[in-house]
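Subject: Structure handover

Dear colleague,

I am passing on the structure below, and after it you will find my notes on what turned up when I went through it. Please read them with the model open beside you.

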Amino acid sequence: MTEHNPFRYFKTSPEIIRLAVMMYVRFPLSLRNVEDLLHERGIDVCHETIRYWWNRFGPMFASEIRKRRRHPSPNHSNWRWHLDEVFVKINGETHYLWRAVDHEGEVLEAYVSRRRDRKAALVFFKKLMKRYGKPHVIVTDRLRSYRAAMKTIGNAEVQEVGQWKNNRCENSHLPFRRREQAMLKFRCLKSLQKFVSIHSSVHNHFNHERHLTSREEFKLQRNAALVEWRQLSAA
């Protein structure tokens with residue numbers, strides 16, 4: 001039985017679709033910026049076509065990336081979690097984006113809520129622990145919702161709170177903020193949740209901790225990441 005080809009019935013080649021989705025999600029570019037960059041390469045597509053591509057194929061690519069990024073042991077990302085939340089405006093209304101990264105800066109989970117209370121923090125913790133298990137240390141800010149949710153779960157003793165301890169997660173917000181400015185904010189909660197999930201997976205795939213590796217090793221990792229990206233959803 002042959003596998004289903006997700007690019008079937010599309011006149012554009014899969015290579016161009018993957019390139020367009022990667023450029024839009026990975027870099028702080030607008031849809032029209034991607035359209036202009038593709039035009040310079042001799043590819044004539046409309047920005048609305050690029051919007052349709054990332055909406056259709058973005059979740060598929062992100063899912064494949066998560067499946068392929070299997071850690072060598074179940075406890076690989078459980079040593080230390082860094083949790084933080086940022087304010088996001090949607091049609092003038094304040095929402096909250098909860099994000100968790102591990103000790104290596106890899107984004108573990110992103111969750112959008114309308115409130116910043118114990119209930120929202122509890123949902124966030126359950127999503128995290130369902131996928132990664134229980135961590136040894138959880139670093140948070142002084143938001144009381146974290147403490148209340150962790151008491152409910154029963155792991156309040158692993159929480160760490162202190163000045164500058166959570167810089168790992170606070171700095172990880174920067175790529176998302178750049179994307180938010182390029183997209184001129186978001187229109188609804190559903191689209192924000194969808195985009196941050198895709199953006200987190202793509203960011204993890206191409207994040208090689210460049211400042212910690214040599215130039216030669218970085219080039220090898222970058223080439224390997226591009227090869228894996230070009231193989232996503234290959235029939």
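A search of the whole structure, which is a predicted model, finds 16 aromatic pairs. One of them joins phenylalanine 176 and phenylalanine 186, whose ring centres are 6.1 Å apart and whose planes meet at 5°, so this pair counts as stacked. The two residues are 10 apart and the pair links distant parts of the chain, with phenylalanine 176 in helix α6 (residues 167-182) and phenylalanine 186 in the loop between α6 and α7 (189-206). Both phenylalanine 176 and phenylalanine 186 are buried.

Aromatic residues also gather elsewhere, since one cluster is formed by Phe7, Phe10, Tyr52, Phe57, Phe61, Phe206 and Trp229. Over the face of phenylalanine 206, a member of that cluster, lies arginine 26, at 4.2 Å from the ring centre. A second arrangement of this kind involves lysine 194, which lies over the face of tryptophan 54 at 5.6 Å from the ring centre.

Turning to the interior, the largest nonpolar core has 40 residues, and Leu38 and Trp229 are those with the most contacts inside it. At least two residues of this core come from each of α1 (14-26), α2 (31-40), α3 (47-68), β1 (80-90), β3 (107-113), α7 and α8 (215-230); the largest share, 8 residues, is supplied by α1. If residues up to four places away in sequence are left aside, tryptophan 229 touches Arg18, Val21, Met22, Phe61, Ile65, Val202, His205 and Phe206. Another core, of 22 residues, lies apart from the largest one and includes Ala120, Leu122, Phe125 and Tyr132. As background, nonpolar side chains tend to be buried together in soluble globular proteins.

Finally, two backbone angles deserve a look when you go through the model. Most residues other than glycine have a negative phi. Tyrosine 9, however, has a positive phi, near 75°, and it is found in the segment before α1; because its relative accessibility is 72%, tyrosine 9 counts as exposed. Asparagine 91 has a positive phi as well, near 55°, and its place is in the loop between β1 and β2 (93-102). With a relative accessible area of 62%, asparagine 91 is exposed.

With best wishes

Note on methods. Residues are numbered from 1 along each chain as its sequence is written. This is a predicted model: local features need pLDDT of at least 70, side-chain atom pairs count only at pLDDT 80 or more; totals for chains, interfaces and linings use all residues. Side-chain values use heavy atoms; hydrogens and water are left out. Rings of Phe, Tyr and Trp (its six-membered ring) pair if their centres lie within 6.5 Å; planes under 30 degrees apart count as stacked, over 60 as edge-to-face and the rest as tilted. Helices (H or I, at least four residues) and strands (E, at least two) are DSSP runs, numbered from the N terminus. Buried means under 20% relative accessible area, exposed over 50%, partly exposed in between (1.4 Å probe, protein chains only). A charge sits over a ring if NZ of Lys or CZ of Arg is within 6 Å of the ring centre and within 35 degrees of the ring normal. A nonpolar core is a set of buried Ala, Val, Leu, Ile, Met, Phe, Trp, Tyr and Cys residues joined through side-chain atoms within 4.5 Å. Contact means heavy atoms within 4.5 Å.
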